[in-house]
Every structure is written in C-alpha cells, then in structure tokens.
Amino acid sequence: MNIDYNKLKQSLKDDFTDYYKLLTVPIRGEIWENLLVRSLAKQSSNIEWDCGSHRVGTDIVFNGTNISCKSGQISGKKDPRLVISSHRTTSYSTLEEKLKYLSEGHEDIFFCLNYKEDIFMNQKIHKYRLFVFESKDVDYNELSWEVTKSGWEGNGKFIAKIKKTMSDQLWLRFPLSMVNEIFDIEIQQESEYDNAKETVGSI
C-alpha cells in the first residue's frame, strides 16, 4: 500500500490541531476514522468509508487495501506491548472454528491510535502515538494455544486471548518490534477553565 507516512503525519497533526480548537475530548472511534480518511484522501481519491458500518474488520478501503482502525494501549515497562481488542467470536463454538474465522483476512493493515493526557502549566497536552502494522504478520495458527479459566490463550510471536466473559472477544498483545510505522502527534491546549474565564471576561 503506497502511503507517504511523512505527509500523513503532517496532515493528521494539522487536523488534530484544528479539532482541539473546538473540542477537548480525546479522538476515538468514528472521529478517528473520519480524520484518517481526510488525511488519506489527500493522497488518493480511491478511498471508501461508510461511517458506522458494521463491516467485519474493515473500516476504510484505501487503494483496494482494507484498513482496520483501532484504539490501543501500551502495557508493561520492561517489555512494552501494544494491546488492542478485535473480533467477537461467539458465533463459533470450538477453538478450531474461531481460528479459521480469524484467519480469513478481514483486514490488510491495522492503524492503532494510542492516547494519553498530561497537564503542564494550565495546559492540557494531548499525546497521540500511531502504530501501523500489517495483518499478514498476525498468524493465529502459529501460536501455541491452551484452554484457560477465562477462555483460550495463544502464545508465540505475539499473545492472543479469547475471553468468554466478553462475548468471546479477541484481545491481542503485540511487541513493538512487529510495528511497521510509529509516529507521535502532540497537541497543547489551554485548560477549559482558562477558556471559560476568557469568554466570560469578553462579554
């Protein structure tokens, strides 16, 4: 997939900056998808996005490539890993059926956006890190699977867990070495309280 990641990073930073001129809530879900579509559309008009679509795995199609947009969290200090949630597999009874379903190639590439917030000198600092990796590197059948109290767990190049208590949802833990692209976007924003004082004072 031909993406100019330098252009993508600058475009996302510009749009994230504009977003925080109006709002303070973190960029997630459909807002994240929408901003990514805007940036990718600057590189190609061959793009599809259906807001709110329930298409399995794929949120955006860019030049024929299926993109899955995710939120992600970093877990662990000594061995940091990217943690994301994925497909629900309650429609399939056995582990073999679930692995067959997961291996069907519902997406080609993952765009995972991690977020954290800091406060410094009355300013909110919105810190985003975008992780990009290809689904061809995610082979569920290469993992060593075992039954656990909460469901099933596979270990190998990465860790996968299917949790019965969460609609047999798949949870993935990737070492950062599996990530193809990583870049950071940081936006500073005055606190809501300071903005309120300025607005009241101008009336």
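Where does L23 sit in this structure? Have a look: L23 is in the loop that runs between helix 1 (5–19) and helix 2 (29–40). Before I go on, please keep in mind that what we're looking at is a predicted model.

So, L23. Its relative accessibility is 42%, and because buried means under 20% and exposed means over 50%, L23 counts as partly exposed. L23 also has company: together with L22 and V25, L23 makes a nonpolar surface patch of about 320 Å².

Let's stay with those two helices for a moment and talk about charges. Side chains of opposite charge can pair when their charged atoms come close. How many salt bridges does the structure hold? The structure holds eight. One of them is between the side chains of D15 and R38, at 3.2 Å from N to O. D15 belongs to helix 1 and R38 to helix 2, so this pair links distant parts of the chain, 23 residues apart. The two partners sit in rather unlike surroundings, if you check the numbers: D15 is buried, with a relative accessible area of 7%, whereas R38 is partly exposed at 45%.

Next, R81 and D79. They form a salt bridge too, and their closest N and O atoms are 3.1 Å apart. Is R81 buried or exposed? R81 is buried, with a relative accessible area of 15%, while D79 is partly exposed at 42%.

Then there's K98 with D168, where the closest N and O atoms are 2.6 Å apart. K98 lies in helix 3 (residues 95–102), and D168 lies in the loop between strand 9 and strand 10, so the pair ties together parts that are 70 residues apart in sequence. K98 is buried, with a relative accessible area of 0%, and D168 counts as buried as well, at 12%. And here's another one to find on your screen: E134, K136 and D137 are joined into one network by salt bridges that share partners.

D168 brings us to the strands. Strand 8 (residues 151–155) pairs with strand 9 (residues 159–163) in the antiparallel sense, over five bridges. A hairpin of three residues joins strand 8 to strand 9, and N155 has I159 in strand 9 as its bridge partner.

Strand 9 then carries on to another neighbour. Strand 9 and strand 10 (residues 169–175) run antiparallel and are joined by five bridges. If you want a landmark, A160 stands opposite L172 in strand 10. What lies between these two strands? They form a hairpin with five residues between them, and S167 in that turn has a positive phi of about 60°. In a regular strand, by the way, the side chains alternate between the two faces of the sheet.

Now for some empty space. The second largest pocket has a volume of about 260 Å³. It is lined by 13 residues, and the closest to its centre are I74, N114, K116, R129 and D184. Strand 3 (65–75), strand 5 (109–120), strand 6 (123–134) and strand 11 (181–190) are the elements that give two or more residues to the lining.

Last stop: F120, which is found in strand 5. F120 is exposed, with a relative accessible area of 54%. Compare its place with H106: the two are 14 residues apart along the chain, and their C-alpha atoms are separated by 42 Å.

That's my tour, thanks for listening!

Note on methods: Residues numbered from 1 in each chain as written. Predicted model: local features only at pLDDT ≥ 70, side-chain atom pairs only at ≥ 80, totals over all residues. Heavy atoms only, no water. Patch = residues over 30% accessible without salt bridge, like charges linked within 9 Å, V, L, I, M, F, W, Y side chains within 5 Å. Areas by Shrake-Rupley, 256 points an atom, 1.4 Å probe, with all protein chains shown as cover. Salt bridge = Lys/Arg side-chain N within 4 Å of Asp/Glu carboxyl O. Helix = DSSP H or I, 4+ residues; strand = E, 2+ residues; numbered from the N terminus. Buried < 20%, exposed > 50% of the residue type's maximum accessible area, 1.4 Å probe, protein only. Pairing = 2+ DSSP bridges. 1 Å grid on protein atoms, 1.4 Å probe; cavity = no way out; pocket = protein on both sides within 12 Å on 5 of 7 lines; lining within 4 Å. Points joined across faces, edges and corners; volume = space filled by probe spheres on them.
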